[in-house]
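Colleague: I am new to this structure and would like a close look at a single part, the place where the two chains meet. Please take me through that part slowly and explain the terms as you go.

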Amino acid sequence: MSGSSGSVRAITCPSCGGTIEVRAAGYTVTLACQHCGSLLDTTHADVQIITAYKRAAKNFAIALGTRGTLFGTEWQVIGALKRHSSDSGDWQEFLLFNPYAGYRWLVVAEGEWQFGTMLMDRPEGSGRTVSWRGQTYTLAGTESAETRTVLGEFYWKVARGDTASASTFEGRSGVLSHEEVAGEVTWTQLAPVDADEVASAFSVSRKFVPKPDTPSFGQRFMGAPRSGSDDLPMMFLMALAALLAIGLVQELLSYPHACAKSEAAVTVGSGPSSTKIGTIEAWRPWQFVTIDAVSSEFQNRWVDLDYSLVNRKTQQSIDAYGVVEYYTGTDSDGPWAEGSRGANTLFSSVPGGTYDIFVETGAHGWPNDPTPPANGGVDGTGTWAPPNAADLAYSGGDAWASAEKITIWFEACTGGFSWGVFWIMAILLFALPLTMLWWRLRD
Amino acid sequence: MSKSLILFGIWCAFLIIVSGVTAWYGWAPFPDNDRSSSSSLYRGPTHK
């Protein structure tokens with residue numbers, strides 16, 4: 001059962017003292033007293049108060065004066081508060097009155113209703129745990145609650161702007177609310193009530209019921225703690241699976257492989273010399289071409305490798321550069337070594353066709369070239385040897401006595417794997433989940 | 001499956017397709033055929 005709204009609709013005429021009913025507060029410009037005919041301006045204080053009341057009474061889930069039955073008792077809503085805290089947001093409290101049962105509370109926050117009963121016996125204990133009637137309750141949180149709107153009647157002095165320290169204690173049998181204002185403490189037992197039951201008892205305006213905060217799209221994507229969903233582990237798995245797929249795609253699309261092999265012996269300190277590695281057939285419209293070079297043992301030398309892919313049909317040349325270099329030394333921290341005796345050179349976007357592959361080699365010593373022998377000489381036999389044949393004895397013992405030579409074995413193949421593309425994709429895949437992880441951990 | 005997971009899945013699929021296209025055309029961001037000639041490069045250890 002619900003009653004009609006008990007809003008204030010009457011003022012006293014300042015001229016004759018008669019009661020004037022205001023039916024359209026907020027819209028009425030001039031008000032006429034039906035007793036003495038006096039015309040009242042809407043700037044009249046009493047009319048303004050009625051207008052302010054109408055404005056304040058809006059947006060409450062239950063209208064003041066509404067009657068309803070809960071738990072077998074008929075209650076009337078005689079007071080209403082709008083309150084706010086930075087942690088909980090906004091909520092509404094309705095003071096219920098029954099002349100035999102006394103006062104009770106209805107509290108609504110984030111769409112959920114609670115029926116409150118003020119405790120007559122104070123719980124025992126302090127700090128984080130209290131006990132009441134044999135039940136233990138643990139502190140769930142403390143916040144500062146501000147009263148923003150006050151409407152109706154209350155059994156204590158309450159005003160807009162009042163702040164109270166509000167603590168919530170949770171136990172197996174319910175919730176206890178502790179509020180303290182200016183040293184005065186109030187304990188209330190709060191029991192959940194079904195929203196439909198409240199709505200049918202009190203004609204609740206659902207659109208004015210405080211709703212839970214909806215996270216923005218960005219918050220939901222970043223996984224706000226209250227969103228309840230955690231997609232982050234799945235996102236990491238998806239990124240990893242995608243990266244593996246990318247590696248597989250790159251590898252599969254590098255086929256077929258057509259290869260050519262050769263070797264060259266390069267004299268250190270002599271001028272550049274040219275060697276033909278071989279001929280390869282590039283079948284795909286576009287492909288990588290990879291040239292691997294492995295050298296024999298040397299130290300403190302480098303070998304420039306200027307490659308040329310010459311298209312037999314068009315005679316166009318695609319050039320690239322590689323180097324094998326290896327340096328050693330000793331300093332205060334002990335021996336050190338730097339460089340590699342192997343080099344991998346990648347040609348990209350090579351059009352289909354038949355290519356003759358040439359390499360111009362030039363070996364140099366560091367910090368200075370050894371004196372080249374009179375007869376110079378690069379011996380390119382074109383005979384392939386396995387890479388472990390690079391463990392040949394270092395022949396440069398006395399560079400001043402004989403021509404120092406470095407042997408290099410070449411293998412040129414169509415196809416290749418772009419680590420640049422792979423790592424760029426890895427960054428693009430993992431950037432978002434890593435950012436989300438950082439965002440959550442920063443709090 | 002949440003909307004964010006679906007969007008991320010679309011993003012992953014897009015990157016797989018892009019990598020396939022780059023592999024088909026033999027494209028790499030820093031190929032050796034873009035490197036400058038040997039004569040202009042310093043050679044020697046960087047260890048101090």
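Modeller: Contact here means heavy atoms within 4.5 Å. This is a predicted model, in which local features need pLDDT of at least 70 and side-chain atom pairs count only at pLDDT 80 or more, while totals for chains, interfaces and linings use all residues. Residues are numbered from 1 along each chain as its sequence is written, chains are lettered from A and ligands numbered from 1 in the order in which they are written, and side-chain values use heavy atoms, with hydrogens and water left out.

By that meaning of contact, chain A brings 47 residues and chain B brings 36 residues. Buried area is the accessible area (1.4 Å probe) that two parts lose on being put together, summed over both. Between chain A and chain B this area is about 3,600 Å², and carbon and sulfur atoms give 67% of it.

A salt bridge is a side-chain nitrogen of Lys or Arg within 4 Å of a carboxyl oxygen of Asp or Glu. The rule finds one salt bridge across this interface. Its partners are Glu325(A) and Arg43(B), with 3.9 Å between the closest N and O atoms. Polar contacts (pairs of N or O atoms within 3.5 Å; within protein, one must be able to donate a hydrogen and the other to accept it, and residues adjacent in sequence count only if both atoms are side-chain atoms) join ten residue pairs between the chains, both residues at pLDDT 80 or more.

Elements of chain A that give two or more residues to the side touching chain B include α4 (232–252), β17 (301–311), β18 (317–331) and α5 (419–441). Here helices (H or I, at least four residues) and strands (E, at least two) are DSSP runs, numbered from the N terminus. The residues on that side of chain A divide into 30 nonpolar, nine polar and eight charged. In this count Ala, Val, Leu, Ile, Met, Phe, Trp, Tyr, Cys and Pro are nonpolar, Asp, Glu, Lys and Arg are charged, and the others, Gly among them, are polar.

Now to the strands of chain A. Two strands pair if DSSP finds at least two bridges between them. Seven strands form an open antiparallel sheet in chain A, in the order β15-β21-β16-β20-β17-β18-β19. Its edge strands, β15 (259–267) and β19 of chain A, each pair on one side only. Within the sheet, β17(A) and β18(A) run antiparallel and are joined by ten bridges. One bridge partner of note is Ile318(A) in β18(A), which pairs with Leu309(A).
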